[in-house]
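User: I would like to learn how to read the main features of a model like this one. Can you take me through them in turn?
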Amino acid sequence: GEGSGSVPGDRTGPPAPERVLFPPTFSVSEIKNKQRRHFMFLRWKQQQRKEKLALKKKRRKEREALGDKAPPKAIPKTIENQRVYDETTVDPNDEEVAFDEATDEFAPYFNKQTVPKILITTSDRPRGRTVRFCEQLATVIPNSHVYYRRGLALKRIIPQCIARDFTDLIVINEDRKIPNGLVLSHLPDGPTAHFRMSSVRLRKEIKRKGKEPTEHIPEVILNNFTTRLGHSIGRMFAALFPHNPQFIGRQVATFHNQRDYIFFRFHRYIFKSEKKVGIQELGPRFTLKLRSLQKGTFDSKFGEYEWIHKRREMDTVRRKFHL
Amino acid sequence: SPQVVWSMLGNRQFCSYKMTTKTQNFCRNEYNLTGLCNRSSCPLANSQYATVREEKGRCYLYMKTIERAAFPRRLWERVLLSKNYEKALEEIDENLIYWPRFIRHKCKQRFTKITQYLIRIRKLTLKRQRKLVPLRRKIERRENRREEKALIAAQLDNAIEKELLERLKQDTYGDIYNFPIHAFDKALQQQEAESESESDAEREEDDDDDEDVDKREFVEAEDSELSDFEDMDKLETSSEEEQEEEEEVEKKTSKWKGKMPLKGPARRKRPYIEIEYEEETEPSTKTKAA
């Protein structure tokens with residue numbers, strides 16, 4: 001019989017038979033001998049695979065046999081397909097949302113009354129990697145300036161920035177010589193978003209990259225910001241760039257939201273024909289994950305939080321996303 | 001007696017409070033006045049000893065005398081020093097009156113050092129504090145994995161390319177890019193409302209023109225395809241079947257439209273006769289595309 005006794009140490013011996021007969025109460029995990037157990041398990045696995053293949057073949061034959069009458073192919077389930085419906089998803093025609101957006105803190109930007117001016121800084125004592133990242137970020141975002149922190153308190157920097165007409169403040173937080181956090185604050189009293197930053201790649205670490213980004217104003221692509229929260233974050237990002245992209249420069253900055261991770265990329269594109277475009281990555285890349293959104297400017301103690309990521313409540317369902 | 005203690009612990013045998021380094025010996029005893037392991041600053045080897053220690057921001061003077069050597073519990077006497085620096089120094093002096101100069105001096109030095117660092121602590125707490133947030137390893141790993149999967153699901157290059165093509169279609173770039181086929185298609189769409197026959201006639205004429213020229217091409221370029229080879233024979237033989245062949249040739253031209261550019265350089269590698277025709281055909285292909 002094909003019970004456990006037939007197998008000792010004999011790998012090159014008889015190959016797995018077509019139909020393996022086991023007594024009904026037998027289970028592979030009951031064999032005490034590890035070698036034998038392993039062997040039996042492999043055989044069991046092979047059998048399972050065979051059965052699965054046979055099933056697939058049968059299904060395919062059936063589908064071909066039916067021809068036109070075959071039911072349409074099933075769409076595979078992805079996490080994006082199965083996403084838990086979020087009530088705050090923005091409907092493009094929603095008037096309330098449109099009204100809100102016309103009157104929120106970004107209205108002056110979107111009405112073209114203000115020109116963005118960005119201040120980029122770091123936490124205390126930045127290391128070389130962070131410093132280089134800040135410089136590269138400054139080349140990517142037009143009209144931005146990098147200043148060293150030197151132990152200054154943010155609460156005191158902010159009024160000075162407002163006095164000098166800065167519209168946005170970016171603080172890159174560093175830990176163990178790599179940047180790992182980003183605080184983006186819209187200045188005249190605007191919302192403050194705190195992100196966790198990961199996979200930062202500097203320009204020299206990107207493979208097949210192009211030359212340096214030029215001074216042209218890039219275009220902006222914002223993908224997949226569907227909910228109210230996503231919308232406001234998207235507007236924050238859009239407010240970093242001036243309104244008039246210079247198409248001659250052929251540069252595009254992309255913020256792509258996927259499953260609550262925002263991927264930032266900076267490319268140069270060229271249209272090879274009307275149906276084909278080639279893109280070449282320049283510039284740094286990083287991913288952000290939103291941790292909190294505060295209503296006023298940066299204030300960790302007394303600020304009013306619009307949204308905080310609460311791990312126990314929000315991370316319970318794998319298919320639920322907030323942006 | 002203290003001499004014996006010192007000769008045992010200090011020099012020869014083992015003292016658990018003693019820490020030796022290359023250049024110096026330190027004493028880890030909490031009641032030690034200077035922190036070094038010396039005959040004069042060992043609290044075990046001196047029966048009369050005093051220290052200054054601080055607890056929760058307040059400084060105390062600890063004293064040990066021979067009379068209490070037999071009572072370990074009451075050995076160290078503790079005196080709270082005042083918060084005022086000068087007053088505290090006076091208190092040390094009056095408590096340690098008639099004590100050896102060394103101990104008095106060292107106590108006051110120690111007290112000064114302690115007050116200085118307490119002041120520094122108070123100043124630093126007023127400035128910005130760095131808050132250390134512990135990372136949770138499981139959560140970090142989970143987030144990294146999810147980020148990788150999101151990256152794969154995002155298909156960024158495709159998404160960006162799609163978006164750019166969308167923008168091109170919707171004319172956000174204005175007149176910068178002129179793609180002839182694009183313009184041709186647009187023109188076609190506009191003319192669709194007008195007479196279809198006109199445009200068809202135009203197209204046919206174009207095809208016919210190219211056909212005449214292409215016919216010559218077929219004679220050479222047929223080497224690779226047997227099907228066309230057969231047609232070539234037919235072409236050579238009968239002229240009555242020209243119409244049929246024209247249709248076939250039309251189809252072939254439509255086929256060749258795609259293939260010609262690919263075959264261009266390949267054709268050039270082939271010998272002789274082609275060279276003559278290249279000059280005639282190349283412009284035609286260009287005009288066609290335009």
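Analyst: We will go through chain A, the cores, the cysteines, a sheet and the salt bridges.

User: What are the ground rules?
Analyst: This is a predicted model: local features need pLDDT of at least 70, side-chain atom pairs count only at pLDDT 80 or more, and totals for chains, interfaces and linings use all residues. Residues are numbered from 1 along each chain as its sequence is written, chains are lettered from A and ligands numbered from 1 in the order in which they are written, and side-chain values use heavy atoms, with hydrogens and water left out.

User: How many helices and strands does chain A have?
Analyst: Helices (H or I, at least four residues) and strands (E, at least two) are DSSP runs, numbered from the N terminus. Chain A has seven helices and ten strands.

User: How much of chain A is buried?
Analyst: Buried means under 20% relative accessible area, exposed over 50%, and partly exposed in between (1.4 Å probe, protein chains only). Of the 323 residues of chain A, 41% are buried.

User: What share of the contacts in chain A links residues 24 or more positions apart?
Analyst: Contact means heavy atoms within 4.5 Å. Among chain A contacts with a separation of 6 or more, 66% join residues 24 or more positions apart.

User: Which residues touch the most other members of the largest nonpolar core?
Analyst: In soluble globular proteins, nonpolar side chains tend to be buried together. A nonpolar core here is a set of buried Ala, Val, Leu, Ile, Met, Phe, Trp, Tyr and Cys residues joined through side-chain atoms within 4.5 Å. The largest has 41 residues, and Ile170(A), Ile172(A), Phe195(A), Ile233(A), Phe237(A) and Ile262(A) touch the most other members. A second, separate core has 23 residues, including Tyr62(B), Met63(B), Leu81(B) and Cys107(B).

User: What does Ile172(A) contact beyond its neighbours within four places in sequence?
Analyst: Its partners include Ile120(A), Phe133(A), Cys134(A), Leu137(A), Leu182(A) and Met197(A). Polar residues are on the list too, among them Thr121(A), Ser123(A) and Thr130(A).

User: How many disulfides are there over all chains?
Analyst: A disulfide is a pair of cysteine sulfur atoms within 2.5 Å. The structure has zero. Cys134(A) is buried at 2% relative accessible area. Cys161(A) is buried at 4%.

User: How do I read the sheet in chain B?
Analyst: Start with the pairing: two strands pair if DSSP finds at least two bridges between them. The strand order is β3-β4-β5 (chain B), in an open, antiparallel sheet. β3 (49-55) and β5 (76-80) of chain B are the edges; each has a single partner strand, so one side of each has no neighbour in the sheet. Neighbouring strands are turned by 25° against each other on average, direction ignored.

User: How many bridges join β3(B) to β4 of chain B?
Analyst: Seven bridges join β3(B) to β4 (residues 58-64) of chain B. One bridge pairs Glu55(B) with Arg58(B). The two strands form a hairpin with two residues between them, and Lys56(B) in the turn has a positive phi of about 55°.

User: Which helices pack on this sheet?
Analyst: Axes are lines fitted to C-alpha atoms, for helices over the stretch in contact, and angles run from 0 to 180 degrees between N-to-C directions. Helix α2 (residues 85-95) of chain B lies across β3, β4 and β5 of chain B, at about 10° to β4(B). Helix α3 (residues 101-126) of chain B packs on the sheet and touches β3 and β4 of chain B, with its direction at about 10° to that of β3(B).

User: How many salt bridges are found over all chains?
Analyst: A salt bridge is a side-chain nitrogen of Lys or Arg within 4 Å of a carboxyl oxygen of Asp or Glu. The search finds 15 over all chains.

User: Why does the pair Glu80(A) and Arg259(A) tie together separate parts?
Analyst: The closest N and O atoms of this salt bridge are 2.7 Å apart. Glu80(A) lies in the loop between α1 (34-66) and α2 (95-103) of chain A, and Arg259(A) in the loop between β7 (251-258) and β8 (261-271) of chain A, so the pair ties together parts 179 residues apart in sequence. Glu80(A) is partly exposed at 34%, and Arg259(A) is buried at 16%.

User: Which residues form one network of salt bridges?
Analyst: Take one more pair before the network. Glu306(A) and Lys295(A) form a salt bridge with the closest N and O atoms 3.4 Å apart. Glu306(A) is partly exposed at 43%. Lys295(A) is partly exposed at 33%. The network joins Arg196(A), Lys289(A), Glu140(B) and Glu143(B) through salt bridges that share partners.
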